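Student: Got a minute to walk me through this one? I'd like to know how the inside is put together.

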Amino acid sequence: MLRRSLLLFVIAAASSASVLAQASWPSKPVKIVVPAPAGSSLDLIVRAMSDKLGIRWGQPVVVENKPGAGGMLGMDVVAKAGDGGHTLGIGFNGPVAFAPFLYRKMPYDPGKDLLPVVMTTSQPNVLAVNADKVPAKTVAEFVAWAKAQDGKVNYSSLGNGSSAHLTMELFLAESGVKATHIPFNGSPPAAMAVAQGEADATFMVAPALLPHVRNNKVRLLAASSAQRPDSLKDLPTLAAAGYPNVESLAWNGLFASPGTPEGVIARINADVNEVLKDAAVKATLDAQGLTAVGGSAADFKRAIDADVKRWGPVIGKLGVKLD
């Protein structure tokens, strides 16, 4: 009886501490680190939510762009914050699921030093080409054109080890095309490189490409998802084009540092889920080809674990190493 009473006391105390932490958070402005430049899809997602989250939290939400090292600079800030959830970061595949297979040394351990809070969006990468230099209007035409260029094709990405980089490498391996990688620091300059003809093609999520598509500088050929996303209904899939193995979703989501109370994680998760349902936020995301996801912290962790399990062997087979 004594042991049972003690156990019940410990459980009750832990529950009370979690509720207290949830109620007292936030006690100061909340910083959300964006490990990508202004104008990127990550930046757009955070800024679409920040004002509404600030209202819910009763504190300003400060957005801090910290691009570099394929997203690892920004996520390292989050991993080492240790401020009870007052510093969050919007992570993505590259510095969370891919980096352990690409680098011998990292400044943080994604599995231990980053706590998944909530997935914000998940969307396919799209294959895009320069509309003037590349005559292709389909994936098959692009492959035929690229093979005829005798290895002189190049492609941009939003950084080494990014979903954009690895999706293109997987496509090149599947199609037998040879191309040179030109990494940029984020999607806006990578998209601009294609629009200006500095790069022939790219794989990335749609937001940074859409202005150039509207200006007829960039042409979208296919999406790297098994089904056509609602936001890109007119775009065929790579599976339909004959490349079912080239499937990749570029997800993003909020992370906190270790030691953040469970009650705080639950509070942030619940509030972000509500904000993602907001009509204005959904309209902003839909207009950029981004699909809101939400869900529990456990859902997010399962998605990350599945990405690690899928892409680890792919990265090993491709032989991509970045140090």
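**Helix α4 and its surroundings**

Tutor: In α4, the buried residues are N93, G94, P95, V96, A97, F98, A99 and L102. Buried means under 20% relative accessible area, exposed over 50% and partly exposed in between, with a 1.4 Å probe and protein chains only. Helices are DSSP runs of H or I with at least four residues, strands are E runs of at least two, and both are numbered from the N terminus.

Student: Hang on, what kind of model is this, and how are residues numbered?

Tutor: It's a predicted model: local features need pLDDT of at least 70 and side-chain atom pairs count only at pLDDT 80 or more, while totals for chains, interfaces and linings use all residues. Residues are numbered from 1 along each chain as its sequence is written, and side-chain values use heavy atoms, with hydrogens and water left out.

Student: OK, what covers the buried residues of α4?

Tutor: The cover includes α3 (72-79), β3 (87-92), α5 (110-113), α7 (163-175), β10 (249-256) and α12 (297-318). Contact here means heavy atoms within 4.5 Å.

Student: How many aromatic pairs are there?

Tutor: Eight aromatic pairs. Rings of Phe, Tyr and Trp (its six-membered ring) pair if their centres lie within 6.5 Å; planes under 30 degrees apart count as stacked, over 60 as edge-to-face and the rest as tilted. In one of them, the ring centres of F98 and W311 are 5.4 Å apart with planes at 55°, so the pair is tilted. F98 sits in helix α4 and W311 in helix α12, 213 residues apart.

Student: Is F98 buried or exposed?

Tutor: F98 counts as buried, because its relative accessibility is 0%. W311 counts as buried too, at 2%.

Student: What about F255 and F300?

Tutor: Their ring centres are 5.1 Å apart and the planes at 55°, so that pair is tilted. It links strand β10, which holds F255, to helix α12, which holds F300, across 45 residues. F255 and F300 are both buried.

Student: New topic. Which residues form the aromatic cluster with F142?

Tutor: W145, F171, F203 and Y243 join F142 in one cluster. Leaving out residues up to four places away in sequence, F142 touches L127, V129, V134, A136, F171, A201 and L221.

Student: And which residues in α2 meet α11?

Tutor: L44, I45, A48, M49 and K52 in α2 meet A280, V281, T284 and L285 in α11.
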